Amino acid sequence: MSPSPSSTGGPAPRFAVVGVPGNRRVALFQDAVRAAGLPPARVVPWLDVLRGEAAFRPGETVRMDSPGEDAEVERLLRAVGDPARVEGTALWYARFTSAVRAVARTAAASGAVLVDDPGDVAVLFDKRLCHAVLEGAQVPVPASPTSGAAAPEVRDWADVRARMAAHGMPRAFVKLAHGSSASGVLAVETAGPGRVRATTSVERDTAGRLFNSLRVRRCTTEREVAAIVDALAPDGLHIERWLPKATQRGRAADLRVVVVAGRATHAVVRTSHSPMTNLHLGGERGSLDDVRAAVEAAGGSWAETLAVCERAAACFPNTLCVGVDLLPATGWRRFAVGEVNAFGDLLPRLTGLPGSGAEGLDTYGAQVAAVLNRARNHRATAIC
């Protein structure tokens, strides 16, 4: 249960959330604010930010949420008319990170407090930069020939094949550097000249345009794979070794672990018959109890498993909440971090892990409680 405002010994925080009005993320956060006995969060639309019209109030605690699921926001960020289009992520990244910096400047000038750091957000939305930060902190990650700002640009499919061959990667994930929700991801397998196949949710029309689909399909010719990769490459690509994952009930499994204020608070198992376990692509929730049992049967520690996620989140200390994609190796003994997500907390109806301090709270309730705890600790320190 989150602390009541009166238990913090002073005025309750007043929240503002930068998001899409009416969006389910904003609605769930409002539910958490209300459950904590606080006034409703003031919603600042991303459209206002992009038009230079956003304003904050002194003392507000400002939380940024995803700008997704708004066609006009998407058009302004990516300059595409159809939100299902894959292309345009490099432009999206440039405009979105500029908007995030604008939020930070406006909040600071108004005397508001931001719980998401613009620098962290810029790294989190560039898989190449994020990989290098995690690797530098000795967080286990899949090997990558595109890690870091100094890595050579991947210009086309020929470059992808050359990097995979040079680094001994017959199987690799090829991802948009600024993609999310598995957009533009290909799980590529090679077996000699001309023997290539890829699993992806990308569909290509007769004009060569790329679209996201809810259907995971397999490309079975190198020509088809090359056409997709060549179309994606101008937006920036990231390549990672495809690690064989542990299974649960015959399905590949991984975990999304939410870390709030440095502590792993929520976890969900995602399973799939395809290499992509995203729930919107047909993935299903698995059993967390079975995962814990498998880890312990393999001689591992569940606490140490969560600690890997907390180490990944610690690379972004000025951001309140991140979602960590944790990849279990075959046998459930070793883990690697696939990605760290700035907006990885959309896990409706999932309550906190035992011993996490977020028992009975969803991911949004845990964030509200963390802000209340910080306010309480700040006042206690000031009094001392």
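Trainee: Leaving aside its neighbours within four places in sequence, which residues is Val139 in contact with?

Mentor: Welcome! Keep in mind that this is a predicted model. Val139 lies in the loop between helix 6 (127-136) and helix 7. Not counting neighbours within four places in sequence, its contacts are Leu134, Val308, Arg311, Ala312, Cys315 and Val337.

Trainee: Does Val139 count as buried or exposed?

Mentor: The relative accessibility of Val139 is 4%. Buried means under 20%, so Val139 counts as buried.

Trainee: How far apart are the C-alpha atoms of Val139 and Glu310?

Mentor: Along the chain, Val139 and Glu310 are 171 residues apart. In space, the separation between their C-alpha atoms is 9.8 Å.

Trainee: Let's turn to Thr305. Which residues does Thr305 touch, not counting those up to four places away in sequence?

Mentor: Thr305 has its place in helix 10 (residues 302-313). With 5% relative accessibility, Thr305 counts as buried. Apart from residues up to four places away in sequence, Thr305 touches Val295, Leu326 and Phe335.

Trainee: Now for the rings. What kind of pair do Phe15 and Phe29 form?

Mentor: The structure holds eight aromatic pairs. In the pair of Phe15 and Phe29, the ring centres are 5.4 Å apart and the planes stand at 85°. Planes over 60 degrees apart count as edge-to-face, so this pair is edge-to-face.

Trainee: Which parts of the chain does the pair of Phe15 and Phe29 tie together?

Mentor: Phe15 is buried at a relative accessible area of 4%, and Phe29 is buried at 1%. The two residues are 14 apart in sequence. Phe15 lies in strand 1 (residues 14-19) and Phe29 in helix 1 (residues 24-35), so the parts tied together are strand 1 and helix 1.

Trainee: Which residue lies over the face of Phe29?

Mentor: Look at the face of the Phe29 ring, at 4.7 Å from the ring centre. The residue lying there is Arg63.

Trainee: How many residues apart are Phe96 and Phe343?

Mentor: The rings of Phe96 and Phe343 have centres 6.3 Å apart and planes at 75°, so they form an edge-to-face pair. Both residues are buried. Phe96 is in helix 4 (residues 89-110), while Phe343 is in the loop between strand 15 (335-341) and helix 11 (363-383). The pair thus links distant parts of the chain, with a separation of 247 residues.

Trainee: Which residues do ring pairs link into a cluster with Phe96 and Phe343?

Mentor: Phe96 and Phe343 both belong to a cluster linked by ring pairs. Joining them there are Trp46, Trp92 and Phe125.

Trainee: How are helix 3 and helix 4 oriented to each other?

Mentor: Helix 3 (residues 71-78) packs against helix 4 with axes 7 Å apart, at an angle of about 100°. Angles of 65 to 115 degrees count as roughly perpendicular. Helix 3 and helix 4 are therefore roughly perpendicular.

Trainee: How many nonpolar, polar and charged residues does the contact of helix 3 with helix 4 have?

Mentor: On the helix 3 side are Glu74, Arg75, Leu76, Leu77 and Arg78. They meet Thr89, Leu91, Trp92, Arg95 and Phe96 in helix 4. By class, that contact has five nonpolar, one polar and four charged residues.

Trainee: At what angle do helix 7 and helix 8 pack?

Mentor: Helix 7 (residues 157-166) and helix 8 (residues 222-232) have their axes 8 Å apart. Their packing angle is about 105°.

Methods
Residues numbered from 1 in each chain as written. Predicted model: local features only at pLDDT ≥ 70, side-chain atom pairs only at ≥ 80, totals over all residues. Heavy atoms only, no water. Phe/Tyr/Trp six-rings, centres within 6.5 Å; stacked < 30°, edge-to-face > 60°. Helix = DSSP H or I, 4+ residues; strand = E, 2+ residues; numbered from the N terminus. Buried < 20%, exposed > 50% of the residue type's maximum accessible area, 1.4 Å probe, protein only. Lys NZ or Arg CZ within 6 Å of the ring centre and 35° of its normal. Axes fitted to C-alpha atoms, helices over the stretch in contact; angles between N-to-C directions. Contact = heavy atoms within 4.5 Å. Parallel < 35°, antiparallel > 145°, perpendicular 65-115°, else oblique. Nonpolar A, V, L, I, M, F, W, Y, C, P; charged D, E, K, R; others polar.
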